[in-house]
Amino acid sequence: MKLALHGGTPVRTRPFPLYVTIGREERDAAIAVIEGGVLSGFMGTWSPAFLGGTKVRQLERDWEKYYGVKHAVTMNSATSALYAAVGASGAGPGDEVIVSPYTMSASASAALVNGAIPVFADIDEETFCITPETVRARLSPHTKAIVVVDLLGHPADMDGIMEIAREHNLVVIEDAAQAYGSTYQGRHAGTLADIGVFSLNYHKTIHTGEGGVAVTDDDRFAERLQLIRNHGEVVVGAKGTDDIVNLVGQNYRMTEIEAAIGIEQLKKLSRLHPPRVAAADFLTNRLASLKGLTPPRVKGGVVHGYYLYALRVDEKKLGVKRDRIVDALNAEGIPMVGGYTRPLYLEPLYQKRIAFGSQGFPFTYSGYKGSVSYERGICPVTERMFEHELMVTNVCHANIEESDLRDVVRAFRKVWDNLDSLR
């Protein structure tokens, strides 16, 4: 059959089902808050309302119970939660934070907003996460914290990274924004580090439109997260602590409507994750035999979250560029993106080393005695994934039917049958 890219008939012409998790329960919960008239229960002064309204606190208690953690602190986004988590770690001007280059920008800019310098560690070619080996290679006397991203839903090798952190007295923050349902050695992703961060952004497995949650078992980190969330600089004295580092006036508070929706969404997580795994397994079992194509590989002891379904293309083996294959699959009606995201250190922010003010703080801060490179080539695996190998699709979720997945398989096989025409 002739490829659609060359004028043939596409395998699929109708769009794939949207991923919808919001239903009557969330609608009723939101309406109840609106009818109650209190859309936010926070006050920026030391009082019972400093910790938020009734729905915010209920969501936090429910989150603690579900994930088996001591403290959950809701935020208005996972970005805010990451900023607060790095702030809670104490990292600031003169410090370095080891981060992934292959992730959403906030995982790294969380260091910058606290005045610290991001240092990029390369990723594993199968999990797309930073590794104990790449972290160790980036350690310096200035390292204060590590932000580990469970990219696309596969947890990083957290035991190895935590071992390094304990050796060097570092704080580890786990960005589990994409890892709902994921587990590592029987433990929930997001609970594997000193502080974990979840996203409730609208395209995550569960969501509140926007929102985030930070979790920790450490009382001090929990207190600092709560202070950073809500104008801690005017509260710290009344609360009886003199630790004011990184507590300057933030408003990262979640509304009562978002929290009410989140309470209902959390109840659905245990049934929204398994269909993702089932869909991914269906595709993997049928695509693994295609020459030069590597479906997701899941490490032992891991349950994958499958935020996205990722495949790797061997351009040399196929004699076809990855992007040409992506174009062919899209033409067949299969939503596919090549490269996922550009390595962060290649963005102008890092190439020009200008973050705050025209003088380039924190890169030019006189108190920073380290040296960091953002040159092309510092993370070769990341660059190879972005430029040549990785492609991702969002077809693995609870609203996808087997017939939809069969179309994906048919499209892949059609493209592979016509590789000669793509060369």
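**Exercise 1. How far apart are the mean positions of the positive and negative charges of the chain?**

Start with the counting rule: Lys and Arg are positive, Asp and Glu are negative, and His and the chain ends are left out. Next, place each charge at NZ of Lys, CZ of Arg, CG of Asp or CD of Glu. With 46 positive and 50 negative charges, the two mean positions lie 4 Å apart.

A note before you go on: this is a predicted model, where local features need pLDDT of at least 70 and side-chain atom pairs count only at pLDDT 80 or more, while totals for chains, interfaces and linings use all residues. Residues are numbered from 1 along each chain as its sequence is written, and side-chain values use heavy atoms, without hydrogens and water.

**Exercise 2. Which parts of the chain does the salt bridge between R136 and E167 tie together?**

First, the criterion: a side-chain nitrogen of Lys or Arg must be within 4 Å of a carboxyl oxygen of Asp or Glu. R136 and E167 meet it at 3.3 Å, N to O. Now locate them, taking helices as DSSP runs of H or I with at least four residues and strands as runs of E with at least two, numbered from the N terminus. R136 sits in helix 5 (residues 132-137) and E167 in helix 6 (residues 158-168), so the pair links parts 31 residues apart in sequence.

**Exercise 3. Is D194 buried or exposed, and where does its partner R166 lie?**

Take the cut-offs first: buried is under 20% relative accessible area, exposed is over 50%, and partly exposed falls in between (1.4 Å probe, protein chains only). At 14%, D194 is buried. Its side chain forms a salt bridge with R166 at 2.8 Å, N to O. R166 lies in helix 6, while D194 is in the loop between strand 7 (187-188) and strand 8 (195-199), so parts 28 residues apart in sequence are tied together.

**Exercise 4. Which residues do salt bridges that share partners join into one network?**

Begin with another pair, R220 and D243, which meet in a salt bridge at 2.8 Å, N to O. R220 is partly exposed, with a relative accessible area of 44%. Then follow the shared partners: R12, R14, D404, D407 and R410 form one network. For the whole chain, the count comes to 29 salt bridges.

**Exercise 5. How many helices and strands does the chain have, and what share of its residues is buried?**

Count the elements: there are 16 helices and 14 strands. Then turn to burial: of the 423 residues, 56% count as buried.
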